[in-house]
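Student: I have the sequence and the coordinates open side by side, and I would like to work through them with you one step at a time. Could we begin with the strands and then turn to the helices and single residues?

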Amino acid sequence: MERLQKVIASSGICSRRKAEELIKQGKVVVNGQIVRELGTKVSYADTIEVNGKNLNQEEKEYILLNKPRGVVTTTNDEYKRKTVLDLIETDKRLYPIGRLDYDTTGALILTNDGELANLLTHPKNHVDKTYIAKVKGLVNKSDILALRTGIKMDNYKTSKAGARIISYDKKTDTSIVEITIHEGKNHQVKNMFAAINHEVIKLKREKISFLNLKGLKSGEYRYLNIKEVKKLYNEAKKN
C-alpha cells in the first residue's frame, strides 16, 4: 500500500505537490469514491481516476543499464537505430531517466516511476553523476581549477564540478579526467571540455549518485533493490 499522491506522481502525469492539490480539489476518485484526504493508502488493485481519466498503475521497476556506444537513449527512434529499451527484456513501459549521447557509454537508470524520474532530473536536486573522459591534449591544473569553479558557457555558468586528472599519454597527447557534475544540460560535459579547448574523444558515465557499474559489462543491466531505490529517493530529496 502506498499514499495516493505518491501513486499519482509515480505515474508521471504530475508532481506530488500537484497530486495533493488535485486530491484537495476533489478531482481524484478511488474505486468510484471521491477522495479528499491526503495520505489515503491505495494498492495496485485499486481503480484510480484523475480529472476523469483512469490512472493505469503498473508495478514499479528500476533498472541500471551499462549503455553501450551506438545506442540511442530513447524509447523509439525514427531512424530505426537500436534504443536502450532493445537491450532490456520487460513487459513494463520503462523510460530512461535523463539521457546519454549516441557515442557516450555507461550508467543509465530506466524506470516507470515518474516521481523518481522527476526528482533525479530536477535542477534543484543535486544528484551527482561521475564521468570518465578521454580528451585531446594535456589537461593541466588551471583546466581542473576552471572545471571546479564553473565554466562560462553561451548563456550560463556551470555549477562547481568535481574534477581530477587520472593520466596523460604523451604518445597520443590525450588525457584521462574524472569529472562529477550534478546538472544535466545537453552535452554538458563535452561542452565544458570544449570551453577549455579539450575535445572529448570518449565519455563514460561511471556513477549516478552511489550507483556504479560494478559487475556490469557493456550492454548488461540489473534490477535495483528496494534499499537502493529508497536511497535514491533520499539522495534526491536531501537537497
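Student: What is the order of the strands in the open sheet of four strands?

Tutor: Please keep in mind throughout that this is a predicted model. The sheet is open and its strands pair in the antiparallel sense. Strands E3 (33–34) and E6 (53–55) each have a single partner strand, so one side of each is left without a neighbour in the sheet, and they stand at the edges. Read across the sheet, the order is E3-E2-E5-E6.

Student: Which residue of E5 stands opposite valine 29?

Tutor: Strand E2, residues 28–30, pairs with strand E5, residues 48–50, in the antiparallel sense, and the pairing runs over three bridges. Opposite valine 29, the residue to look for in E5 is glutamate 49.

Student: Turning to E11 and E12, which residue in their hairpin takes a positive phi?

Tutor: Strand E11 (residues 162–169) and strand E12 (residues 174–181) pair in the antiparallel sense over seven bridges, and within this pairing arginine 164 stands opposite glutamate 178 in E12. The hairpin has four residues between the strands. The residue with a positive phi, near 55°, is aspartate 173.

Student: Lysine 80 has a positive phi although it is not a glycine; where does lysine 80 lie, and is it buried or exposed?

Tutor: The phi of lysine 80 is about 65°, and the residue belongs to the loop between E7 and strand E8 (95–96). Because its relative accessibility is 75%, and the exposed class begins over 50%, lysine 80 counts as exposed.

Student: What is the relative accessible area of histidine 187?

Tutor: Histidine 187 is not a glycine, yet it has a positive phi of about 55°. Its place is in the loop between E12 and helix H5 (188–195). The residue is classed as partly exposed, and its relative accessible area is 37%.

Student: Let us move to H6. Why do the buried residues of H6 line one face of the helix?

Tutor: Helix H6 covers residues 226–237, and its 12 residues reach 17 Å from the first C-alpha to the last, close to the 16 Å expected. Its buried residues are Glu228, Val229, Leu232, Tyr233 and Ala236. Seen down the axis of H6, these residues line one face because they fall within an arc of 140°.

Student: Which exposed residues does the face of H6 turned away from its buried side carry?

Tutor: The buried residues of H6 are covered by elements that include helix H1 (4–10), strand E9 (105–111) and helix H3 (114–121). The face turned away from that buried side carries the exposed residues Ile226, Lys227, Lys230 and Asn234.

Student: Which residue caps the N-terminal end of H6?

Tutor: The cap is made by a side-chain oxygen that lies 3.1 Å from the backbone nitrogen of lysine 227. The residue that supplies this oxygen is asparagine 225.

Student: Which side chain does a polar contact of 2.9 Å join to that of glutamate 228?

Tutor: Glutamate 228 is in helix H6, and it counts as buried because its relative accessibility is 14%, where the cut-off is under 20%. Leaving aside residues up to four places away in sequence, glutamate 228 touches Phe210, Leu211, Arg222 and Tyr223. The polar contact of 2.9 Å joins its side chain to that of arginine 222.

Student: Which residues form the one aromatic pair that a search of the whole structure finds?

Tutor: The search of the whole structure finds one aromatic pair. Its rings are 6.2 Å apart, centre to centre, with 75° between the planes, and the pair is edge-to-face. Both residues are partly exposed, one with a relative accessible area of 25% and the other at 42%. They are tyrosine 221 and tyrosine 223.

Student: Finally, which residues does leucine 116 touch, not counting residues up to four places away in sequence?

Tutor: Leucine 116 is part of helix H3, and at 0% relative accessibility it counts as buried. Two of its contacts, Leu232 and Tyr233, are among the buried residues of H6. With the sequence neighbours set aside, leucine 116 touches Tyr62, Leu232 and Tyr233.

Notes. Residues are numbered from 1 along each chain as its sequence is written. This is a predicted model: local features need pLDDT of at least 70, side-chain atom pairs count only at pLDDT 80 or more; totals for chains, interfaces and linings use all residues. Side-chain values use heavy atoms; hydrogens and water are left out. Helices (H or I, at least four residues) and strands (E, at least two) are DSSP runs, numbered from the N terminus. The expected span of a helix is 1.5 Å times one less than its number of residues. Buried means under 20% relative accessible area, exposed over 50%, partly exposed in between (1.4 Å probe, protein chains only). The arc is that of the directions from the helix axis to the C-beta atoms. Contact means heavy atoms within 4.5 Å. A polar contact is a pair of N or O atoms within 3.5 Å; within protein, one must be able to donate a hydrogen and the other to accept it, and residues adjacent in sequence count only if both atoms are side-chain atoms. Two strands pair if DSSP finds at least two bridges between them. Rings of Phe, Tyr and Trp (its six-membered ring) pair if their centres lie within 6.5 Å; planes under 30 degrees apart count as stacked, over 60 as edge-to-face and the rest as tilted.
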